[in-house]
Amino acid sequence: MRILVIGSGGREHALLKGLAADPATTELHVTPGNGGMADLATVHSSAGAVDDGAAMVALATSIEADLVVIGPEIPLVAGVADDLRAAGFAVFGPSKAAAQLEGSKKFAKEVMEAAGVKTAQAEQVLPGASESEIEAAIDRFGPTWVVKDDGLAGGKGVVVTPSREAALEHVRAVHSLGNPVLLESFLSGPEVSLFCLVDGETVVPLLPAQDHKRAFDNDEGPNTGGMGAYTPLPWLPADGVQRIVDEVCVPVAREMVRRGTPYSGLLYAGLAWDTDGPWVVEFNARFGDPETQAVLALLESPLATVLAAVANGTLAQLPPLTWSDAYALTVVLAAAGYPESPRTGDEISGEMLFDAARVLHAGTARTADGTLVSSGGRVLNILGVGPTLEDARADAYATIANIDLDSSFYRRDIALPAVQGEIRV
């Protein structure tokens, strides 16, 4: 099977690693790729923008791809999956219409309401609203405000704050970009990320994970695209995954079919587990980053075969997924200044840097002389795997301590509350 992966981050590196391990994979290609992917795939760094459907079709045609896996949200929301399918390619990733579950938070709320799925109360505030209208809307929420950019913001368009003024500032900032704002009621309870393979009304869950969104230890600092994640969740009730599937993912999948826009690909449900179970915070239309790195580290089923089954409409015929009886954890090494203004171009070194089992590349590039340098905010993802969550933590942190990137930083408390038994539902 010749496979093309579209994307350049840690999520795509994890996908390539899993796809390479499947005997069904005969060739791997990636565009635009990053500085750490050349050992796994042929890197097409200048094939065109990932949201350019014509360019992606041309590349898939040139390599005679049997399967195209679209990693990031931007090409999905732009309709690249539709362009590829129209050209005859099997694609893992939803259509433009279905990807609106991520592309428009207002659309996702409408789908959830129709499907009877529990989610936060929400109100959209459009650009052009007067200051008095914005303040009146703000005053209908609180005392903890959740203010979201109602578009694609790479996980960084959300502000959760007890400060009314900070909430107002974020509304103004989002409106200055020409985007609507979604105000939401605050959901308490620990967060859960559940990835589900979806093929029409067929839904197959992966392992549940928990992301750490804030930049610094103890959940301090600004929201980011994710600073680390772990799986599985020792504190989640035994029936937790099945409840999320039954109460959230299956109803949404059925509603998408009813609307004539069936979902095909990976549906990521971001949830808060409250006193009466799961409530949806948001949906993503693709594998989440950095949860993917941890989840796929434990998948024993052949990944290429699994993704091809979704793309070809045969997910219902796939054998049950199998998993390692272990825990996995990933820690993000971030560049100085992330997330506001990450510094790039710094050399990355260290004796553990090329441990392919533990180090996944995200924001990296190669200079003309082959030096590995930072090229984004989240630079590396460091994996740890072990029989216990504490062992997985120790594995990851032992590795990251031996990687050097000037003025970089990482959280030292990934999964620590779970290890210490501080998370309860």
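This is a short dialogue about a sheet, two helices and two cysteines in a predicted model.

Biologist: Let's start with the sheet. In what order do its 8 strands come?

Modeller: Reading across this open sheet, the order is β16-β15-β10-β11-β14-β17-β22-β19, and the pairing is antiparallel. The strands at the edges are β16 (277–284) and β19 (359–361), each of which pairs on one side only. Neighbouring strands in the sheet are turned against each other by 30° on average, direction ignored.

Biologist: Could we look at one pair? How many bridges join β14 to β17?

Modeller: There are 4 bridges between β14 (residues 228–231) and β17 (residues 327–334), and these two strands run antiparallel. To find the pair in the structure, look for Y230, which stands opposite L329 in β17.

Biologist: Now the helices. Which strands does helix α9 lie across?

Modeller: Helix α9 (residues 240–258) lies across β10 (191–199), β11 (202–211), β15 (264–274) and β16. Its direction is at about 125° to β15. Helix α1 (residues 10–20) lies across β19 and β22 (378–386), and runs at about 120° to β19.

Biologist: I also noticed C196 and C249. Why is there no bond between their sulfurs?

Modeller: First, the general idea: a disulfide is a covalent bond that links the sulfur atoms of two cysteines. To count as one here, the two sulfurs must lie within 2.5 Å. The sulfur of C249 is 3.7 Å from that of C196, its closest cysteine sulfur, so the two are too far apart for a bond. The count for this model is 0 disulfides.

Biologist: And is C196 buried or exposed?

Modeller: C196 has 0% relative accessibility, so it counts as buried. C249 is also at 0%, and therefore counts as buried.

How values were computed:
Residues numbered from 1 in each chain as written. Predicted model: local features only at pLDDT ≥ 70, side-chain atom pairs only at ≥ 80, totals over all residues. Heavy atoms only, no water. Pairing = 2+ DSSP bridges. Axes fitted to C-alpha atoms, helices over the stretch in contact; angles between N-to-C directions. Contact = heavy atoms within 4.5 Å. Buried < 20%, exposed > 50% of the residue type's maximum accessible area, 1.4 Å probe, protein only.
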